[in-house]
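These are my notebook entries on one protein chain with a ligand. I look things up one at a time and write down what I find.

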Amino acid sequence: MFKKRSPNIVFRPRRLRRSPACRELVAETTLSPSDFIYPLFVKEGLSDPIPIPTLPGQRQWNVRGAVLEARRAYSLGIPAVLLFGIPLKKDAEGSSAFGKNIITDTLMAIKESVPELVVFTDLCFCEYTDHGHCGVLDKDGDLDNDKTLDLLVKQGISHARAGVDMVAPSGMLDGMVSALRHGLDDAGFPSVGILSYAVKYASAFYGPFRAAVEGSLLQGDRRSAQMDPRNRHEALLEARLDVEQGADMLMVKPANTYLDVISDISREFPEHPLVAYQVSGEYAMIAAASEAGLLPWHEAMEESLIAMKRAGANCIISYYALMYAEYINQA
Ligand code: PBG
C-alpha cells in the first residue's frame, strides 16, 4: 500500500521568510529617504502655490513655498531637490532662461534657508520657448543642436552663479555634457557637477509633466532627440558618450518601464552613480489607480521604487519622495 511520507525537500526558501525580522535580515535591497531627489515646480508670479491637476498631490510653488517644501523634505531625510522653472514669458529663443529668473531666485532663497540641501536644476528650454521644443529652431523648424548648446551653457552658468550644486541637462542634445563641462570650468565653476539625462526615451509617460510646466509642443515631437523605446544597446552608447564628456552622474528615464536599461547601465558603468527618474506618468498611474481603490497606494508606491533600486539605481527622482519619506518616518 502507498505509504504517506513528507516529501524529501532539502531546500526550503520559505525558512528565511518566516518572520519580519528574518526577512529584514536577508533583504537584498534597501530604500530610504536618503535615496531621493525631490522635483519641485516653481512658477514666476504666483501669489499662492497651486495644485497640479495632472499630478495629484503635487503643486506649482512660488519661491517662498518652494523654500518651505525644500526645508520639509530635508527635515524628513531627503538630501536633494530638482528645480523646474515656469516663466511668465515664453518666446522663440527661451530668453527667460537666462540671467535673473524664477530658478535663480529660488536657488538663492533655498541656499540661504537650507544650505545643506543638494540642489539640482533642470537645464532645458522646453519650459521657456513658445514653440515648446527643447532649444532654438533652424530655418526648417528643426532643433538646432549646436546653437542650442551655446544657450544651454549660458543657462548653466546663470544657475551656477546663483549657487546650484549640479545641473541636469535634459534635452538629449549631442555634445551637451562636454559643452557644459568646458563652459562651467571656463566661467570659474569647476565644482558644479553634471547629472546627465544620458538615457532618455521618447515616452508617452511624460504626459502629466507637460501640464505641470505648461509646455506642450505646437508642432512635431521629440523623437529626433530622445531615444527610441525599442532600443536597448543604444543606451550603452549614450551613457558612454556622456561619461567620456565628463558626466558625474548618469540617468535613465523613465524608470519603471526601463528596468532592463537601468540594470545594463549600472553593470556597465558601476563607478558612476546612476539615477532613475520615475516620471510623471508613472507617478500618476499609481495615484489614479490608488484613488480609484484599485491599488493600496503606499505599498504600490514602495514596490515601484524598490524595483528601481533592485535593478541597480543608486538614487531616485520621484514625485513620491516626500510621501515616501513621511510614510517611512511614521512607520
Ligand atoms: C524636459 C523634461 C521633461 C521631463 C523632465 N524634463 C519632458 C520631456 O522631455 O518631454 C519629464 C519628466 C516627467 O514626465 O516627470 N525639460
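**Entry 1: the ligand**

I started with the ligand and found 19 residues around it. The closest are K200, R210, K253, S280 and Y319. A residue counts as near if one of its heavy atoms lies within 4 Å of the molecule.

Before going on, I noted the ground rules. This is a predicted model, where local features need pLDDT of at least 70 and side-chain atom pairs count only at pLDDT 80 or more, while totals for chains, interfaces and linings use all residues. Residues are numbered from 1 along each chain as its sequence is written, and side-chain values use heavy atoms, with hydrogens and water left out.

Next I looked for polar contacts (pairs of N or O atoms within 3.5 Å; within protein, one must be able to donate a hydrogen and the other to accept it, and residues adjacent in sequence count only if both atoms are side-chain atoms). An N or O atom in the side chain of K200 is 2.5 Å from an oxygen atom of the ligand. Q226 places a polar side-chain atom 2.9 Å from a ligand oxygen. For S170, the partner is a nitrogen atom of the ligand, at 3.1 Å from a side-chain N or O atom. How much of the ligand's accessible area does the protein cover? The protein covers 100% of the 400 Å² that the ligand has on its own. Accessible areas come from the Shrake-Rupley method with a 1.4 Å probe; for residues, only the protein chains shown count as cover.

**Entry 2: aromatic rings**

I searched the whole structure for aromatic pairs and got 12. Rings of Phe, Tyr and Trp (its six-membered ring) pair if their centres lie within 6.5 Å; planes under 30 degrees apart are stacked, over 60 edge-to-face, and the rest tilted. I picked F84 and F209. Their ring centres are 5.1 Å apart and their planes stand at 75 degrees, so this pair is edge-to-face. F84 sits in strand β4 (residues 80-86) and F209 in helix α6 (residues 207-212), so the pair ties together parts 125 residues apart in sequence. Helices (H or I, at least four residues) and strands (E, at least two) are DSSP runs, numbered from the N terminus.

Are F84 and F209 buried or exposed? Both are buried. Buried means under 20% relative accessible area, exposed over 50%, and partly exposed in between (1.4 Å probe, protein chains only). Ring pairs also link F84 and F209 into a cluster with F41, Y197, Y277, Y283, Y319 and Y320. I had already met Y319 among the closest residues to the ligand.

**Entry 3: salt bridges**

I counted 11 salt bridges in the whole structure. The rule is a side-chain nitrogen of Lys or Arg within 4 Å of a carboxyl oxygen of Asp or Glu. One of them joins K43 and E214, with the closest N and O atoms 2.9 Å apart. This pair links distant parts of the chain: K43 is in strand β1 (residues 36-43), and E214 is in the loop between α6 and α7, 171 residues apart. K43 counts as buried because its relative accessibility is 15%. E214 has 37%, so E214 counts as partly exposed.

I then checked R230 and D228, whose closest N and O atoms are 2.7 Å apart in a salt bridge. R230 is exposed because its relative accessible area is 72%. D228 has 27%, so D228 is partly exposed. Salt bridges that share partners also join E69, R72 and E326 into one network.

**Entry 4: backbone and loops**

Which peptide bond did I note as cis? The bond from K253 to P254 is cis, with omega near -10 degrees. P254 lies in the loop between β8 (249-253) and α8 (259-268). K253 is also one of the closest residues to the ligand.

M172 has phi near 55 degrees, a positive value in a residue other than glycine. M172 lies in the loop between β6 (166-169) and α5 (176-186). With a relative accessibility of 7%, M172 counts as buried.

Last, I looked at Q245, in the loop between α7 (233-244) and β8. A polar atom of the Q245 side chain lies 2.9 Å from the backbone nitrogen of S178. The Q245 side chain also reaches the backbone nitrogen of V177, at 3.3 Å.
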